[in-house]
Amino acid sequence: MISIFLQTAPFFLIVAIGYFSGKYKFLGKRGTDAITKFVFYFALSAMLFQFSAQLEINKIFDLKFVGCYVVATLFLYFFVISASYFSGNKFETSVFDAQIATIGNTGFLGIPLMATLVGPQSVGYVMLILATDFAIFGTLIVVLIMVSRDRKWGIRLLKPIIKGLFQNPMIVSFSLGIFWGYSDYQTPKFFSEFLVILGQAATPGALFAIGASLSFRKIDDPKSAFWLSFLKLVAHPFLVGIMALYLFYIEPYAAAVMVITAALPVAGNTFMLAQHYKIDPERISAAILLSTLFSALTVTYAISFMI
């Protein structure tokens, strides 16, 4: 485990550099936002296009894999909603607690970390999880919040989800890469080198941006932050692992990728959703900060245990 920790340490050291850069005002919020946009729209997109163009998606896409992840995550999702609601929280807060407990930082942290430590062949599986999180659980939280407020169902609930799906550069670039790979066209050398150079900025840029964004967060309610972080970092990967290995019998490498991805910290876009719906964003901010801090241990343990 020590050897795995030494391999993951550089990633979290870059996160730490980003954190202290923001903490001590070397980089302001506007600078952090600019780096985040560069990574999100350009560097990660180049990396994903390059990876996906070389993937044989028919060997990666597995309904059983997706089904296992969805069943395990839904089980924990509704358990957390029930536990949170019956402990005295509002329904909307309980829904966000469930989102915190199940949806990880797959795009910014998961993709570059997994590609480097677990192998580029893991990216296809990670993208399946990212797409599932966005399409199913991104839809679910919007539906639950809107129905709890308006008590109405309708096609308008799906519009922001569909729009967001087509506006997400990670999903778009991954899909374009798949199509390009199946087109049998040879990628021009200059464009291939361009993708490599730009994609190499994704890992350090994403990690630095995560750290810098954490410097603007604080922990106001440590008790709930610890509880929600435990659910995300321990309960989620444990449940996913049990179902993958002993119920769905997922192939060992794919199961390992699923468990390690589930051990990632809370996704940053959950905070943006909470701000949008004005539902206790400070509670989510604290969980993001604490779970990212402890994920250096959970990700290390998950890799050493599963690989």
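**Exercise 1. A salt bridge within one helix**

Task: In this predicted model, find how the side chains of Asp33 and Lys29 meet, and place the pair in its helix.

Solution:
- Start with the contact. Asp33 and Lys29 form a salt bridge, with an N to O distance of 3.7 Å.
- Check it against the cut-off. The nitrogen of Lys must lie within 4 Å of a carboxyl oxygen of Asp, so the pair qualifies.
- Locate the residues. Both belong to helix H2 (residues 29-53), and because they are four residues apart, about one helical turn separates them.
- Add the general rule. An α-helix has 3.6 residues a turn, so residues three or four places apart point the same way.
- Finish with accessibility. Lys29 is exposed at 51% relative accessible area. Asp33 is partly exposed at 36%.

**Exercise 2. A salt bridge between helices**

Task: Arg283 forms a salt bridge with Asp97; which helices does the pair tie together, and are the two residues buried or exposed?

Solution:
- Take the distance. The closest N and O atoms of Arg283 and Asp97 are 2.8 Å apart.
- Assign the helices. Arg283 sits in helix H15 and Asp97 in helix H5, so the salt bridge links parts that are 186 residues apart in sequence.
- Read the accessibility. Arg283 has 13% relative accessibility and counts as buried. Asp97 is also buried, at 2%.
- Complete the count. The structure holds two salt bridges.

**Exercise 3. Helix H5**

Task: Test the span of helix H5 (residues 91-102) against the expected value, then decide how enclosed the helix is.

Solution:
- Compute the expectation. At 1.5 Å a residue, the twelve residues should span 16 Å.
- Compare. The end C-alpha atoms of H5 are 17 Å apart, which agrees.
- Turn to burial. Ten of the twelve residues are buried, so H5 is largely enclosed by the rest of the structure.
- Name some of them. The buried residues include Val95, Phe96, Asp97 and Ile100.

**Exercise 4. The largest nonpolar core**

Task: Which residues of the largest nonpolar core touch the most other members, and which helix gives the largest share?

Solution:
- Find the best-connected members. Of the 89 residues in the core, Phe65, Tyr77, Ile111 and Met258 touch the most others.
- Find the main contributor. Helix H7 (residues 123-150) supplies the largest share, 14 residues.
- Look closer at Met258. Leaving out residues up to four places away in sequence, Met258 touches Phe65, Cys68, Tyr69, Ile129, Val240, Ala244 and Ile250.

**Exercise 5. Two faces of helix H15**

Task: Leu293 and Ser295 both lie in helix H15; for each, decide whether the residue is buried or exposed.

Solution:
- Take Leu293. At 58% relative accessibility, Leu293 counts as exposed.
- Place Leu293 in context. Leu293 joins Ile2, Phe5, Leu6, Phe226, Phe294 and Leu297 in a nonpolar surface patch with about 730 Å² of accessible area together.
- Identify the elements. Helix H1 (2-23) and helix H15 (281-306) each give two or more residues to this patch.
- Take Ser295. At 0% relative accessibility, Ser295 is buried.
- List its contacts. Beyond neighbours within four places in sequence, Ser295 meets Phe12, Leu233, Ala263, Pro265 and Thr300.

**Exercise 6. Gln50 and its partners**

Task: Describe the setting of Gln50 in helix H2.

Solution:
- Classify the residue. Gln50 is partly exposed, at 23% relative accessibility.
- List contacts. Setting aside neighbours within four places in sequence, Gln50 contacts Leu195 and Val196.
- Check a distant residue. Phe174 is 124 residues from Gln50 along the chain, yet their C-alpha atoms are separated by 8.4 Å.

Methods:
Residues numbered from 1 in each chain as written. Predicted model: local features only at pLDDT ≥ 70, side-chain atom pairs only at ≥ 80, totals over all residues. Heavy atoms only, no water. Patch = residues over 30% accessible without salt bridge, like charges linked within 9 Å, V, L, I, M, F, W, Y side chains within 5 Å. Areas by Shrake-Rupley, 256 points an atom, 1.4 Å probe, with all protein chains shown as cover. Buried < 20%, exposed > 50% of the residue type's maximum accessible area, 1.4 Å probe, protein only. Expected span 1.5 Å × (residues − 1). Core = buried A, V, L, I, M, F, W, Y, C linked by side-chain atoms within 4.5 Å. Contact = heavy atoms within 4.5 Å.
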